[in-house]
Amino acid sequence: MADNYDDYSKEELIRELRAKNQKPRFGLYWERDDIEHERAINDDFVALDLDESLSCGDAPFQNLIIEGDNFDALRYLRMTYKGQVKCIYIDPPYNTGNKDFVYNDRFIDKDDVYKHSKWLEFMYRRLAVARDLLAEDGVILISINDENRAKLELLLDGIFQGMRFGSFAWRTKDTGNDSTGNFSAVHEHILIYALSGFAFNGNALNTQKYRNPDDDPNGHYALNPITCAKTFKERANLYYPIQDPQTGYWYPCDPDRVWAYASEERLKTGSKIRTETIESYLRQGLIVFPECKLENTFYYETKEELLAAIRQGTVPVLPQKKTPLLREDLPDLDFWIGKRIATGRPSKKSYLNDKTNLISPVSSWIGGVNEDFDEEDEEAVFFIRSQKGREGTDAINEILGAKAFNYPKPPSLITELLRQASKPNDIILDFFAGSGTTAQAVLKLNAEDSGNRRFILVSNTEATEAEPNKNICRDVCAERVRRVIYGYSNKKNIVGLGGNFAYLKTRRIASEILLTEIQHSQIWTALQLNHGVALSAFNPNSSVQQLQTTDNTVMYLCQLTEQELTAVIECLEKQQTTVYSWQPALLSHYIENVNLTCLPIPKFLLDRFGAGVKA
Ligand SMILES: C[S@@+](CC[C@H](N)C(=O)[O-])C[C@H]1O[C@@H](n2cnc3c(N)ncnc32)[C@H](O)[C@@H]1O
């Protein structure tokens, strides 16, 4: 590019400037022009075939499992679920080069020089369609490893402009792994993009521990510890004794976990702190001392007596851990000579009236189920808690009796994310469904709160030339969800969570042959989904298909003879009816005779399947 403009004419300079102004100034670039684009182009129509033999439970089916490439499935779903999906969770292939995603019907391998560009293009195409599915209060949560986070995040910033919400870090393992350089990569990210109406559900404050045994005029309160996770060496100024002003008994500081509040006596003159001091809390009556009888106190006349007690292990200890509060290495041993030392720990009142009812999840960390958090912190914030990665594999082994899938996510991770990101009547989509963990999470939440969340899962078959019959959608994803619904036996009998799903397969139909290729059953499926109703199979024995919404009857006429017309007119006399027909003009003509208004039918049907009428 020229960087010397001296010889440019005015016109050339203007042209150059205009060209520059057209170019984006910042963003993520990948070799879009150098790679062959995916063959699935928007002009192909995608139909869905319902396979009743692979579906589960009784129709009408609330949930969908779609077998096929998710780009096709997403284009279809945009036609039927635009603006309706509350929560999308995806765990896409991480572009490891280990044949983890298919581009142009071929797996991408490690040596492909366009590996990153193809992955970005692959993700871009799918995410750009997925964006249109989100409801006004919708959110998309995306799992990604550390290596690919930066690339994906820039891509997402471009696709979901103005929707950046934040991210969670999730610890995948408790132990280190075998990476080189004395560095263990044991966390992943969950990136969050949401529309303005979205909010996490938060956690209801547990009010049970709030009481008012002393009729405190400020109302119910909880007692919280007043320590922080620092040693007396790390925070010398927070290591000091506290005296109960009522009894005069003294409380030693835990040398391994000092007080959380500064003491006025220890503050340098003129220094300022952000929180109140312990003396201020004592004056306000907010520090509560446990009851301690005189016979349970400790008293040392001389230093020798104290040292002997330390050596014998008979000094005051922490109530639960039983670790000694007085030790030979502490700097203030002389202080304790001649003092009445109480047992137990002082705590601080925290009033229910000062709390909001909801506490929000923090992004810093998804905590382990048994991980210890500072109790006081947990009151102000809460950590989403999940198992580590191993639980995912264990769950598959337990349900299917074999390791049928590599690196599934732990059910608890997705359950807890969805518990926060969805409400009982929401639609939840996972278009990289793999082994179907998301469906299990949805069914579990529904069983817990009698909710009616619906899932849409898309999974490919992972069939290759070497394994043409492989079908993880059918054999792993659907089979797992079926067992979760009906129950299964391993060492124990696990009760089913209930529910159902329709098993659908994508089929591409070229536009030129659409009208001759499209099946009535495929049209009926599209119409049902477009009306947001649970899915039923096409009845091959009738040329009139019919469904009921809350305020409407929807009909599809495979043909238009006297028989179909009679069915329509009978229906019209009883209730509001929407009719889809291949001969709308003729139908309108007859309908006119019974004095009804015809309305245009949804555009997608006009575009794809010919016209119809709404009466
Ligand atoms: C990381 S796994 C998801 C695992 C899932 N979260 C679970 O817990 O089982 C990604 C899945 O996406 C599938 N996949 C890759 N490309 C796909 C495509 N174009 N359409 C549908 N699925 C695809 C992979 O075969 C794999 O099963």
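1. Tyrosine 251 belongs to strand 12, which covers residues 250-251. In this predicted model, tyrosine 251 has a relative accessibility of 1% and so counts as buried. Setting aside residues up to four places away in sequence, tyrosine 251 touches Pro241, Ile242, Asp244, Trp259, Phe289, Pro290, Trp336, Ala342, Thr343, Gly344, Arg345 and Pro346. One of these partners, arginine 345, is 94 residues away in sequence, yet the C-alpha atoms of tyrosine 251 and arginine 345 are 7.2 Å apart.

2. A second buried residue is threonine 549, with a relative accessible area of 17%; the cut-off for buried is under 20%. Threonine 549 sits in a loop, with strand 23 (544-548) on one side and strand 24 (553-557) on the other. Apart from neighbours within four places in sequence, the contacts of threonine 549 are His531, Val533 and Val554.

3. Helix 3 (residues 115-133) and helix 4 (residues 146-159) form a helix pair whose axes come within 10 Å and cross at roughly 40 degrees. The two helices are therefore oblique to each other, and their crossing is right-handed. On the helix 3 side the contact is made by His116, Trp119, Leu120, Met123, Tyr124, Leu127, Ala128 and Arg131, and on the helix 4 side by Asn148, Lys151, Leu152, Leu155, Leu156 and Ile159. By class, the residues of this contact are ten nonpolar, two polar and two charged.

4. How many disulfides does the structure hold? The count is zero. For cysteine 87, the closest cysteine sulfur is that of cysteine 477, and the separation of 17 Å is too far for a bond. Cysteine 87 is buried, its relative accessible area being 0%. For cysteine 228, the closest cysteine sulfur is in cysteine 253, at 8.5 Å, which is again too far for a bond. Both separations can be set against the cut-off for a disulfide, which is a pair of sulfur atoms within 2.5 Å. Cysteine 228 also counts as buried, at 18% relative accessibility.

5. The peptide bond between alanine 59 and proline 60 is cis, with omega at about 0 degrees. Proline 60 is located in the loop that runs between strand 1 (45-56) and strand 2 (64-67).

6. Tyrosine 407 is not a glycine, but its phi is positive, near 55 degrees. Tyrosine 407 is found in the loop between helix 8 (390-400) and helix 9 (411-421). Is tyrosine 407 buried or exposed? With a relative accessibility of 73%, tyrosine 407 counts as exposed, the cut-off being over 50%.

7. Serine 450 is another non-glycine residue with a positive phi, of about 55 degrees. The loop that holds serine 450 lies between helix 10 (437-449) and strand 19 (454-459). Serine 450 is exposed, at a relative accessible area of 69%.

Methods
Residues numbered from 1 in each chain as written. Predicted model: local features only at pLDDT ≥ 70, side-chain atom pairs only at ≥ 80, totals over all residues. Heavy atoms only, no water. Axes fitted to C-alpha atoms, helices over the stretch in contact; angles between N-to-C directions. Helix = DSSP H or I, 4+ residues; strand = E, 2+ residues; numbered from the N terminus. Parallel < 35°, antiparallel > 145°, perpendicular 65-115°, else oblique. Left-handed = near helix turned anticlockwise from the far one by under 90°. Contact = heavy atoms within 4.5 Å. Nonpolar A, V, L, I, M, F, W, Y, C, P; charged D, E, K, R; others polar. Buried < 20%, exposed > 50% of the residue type's maximum accessible area, 1.4 Å probe, protein only.
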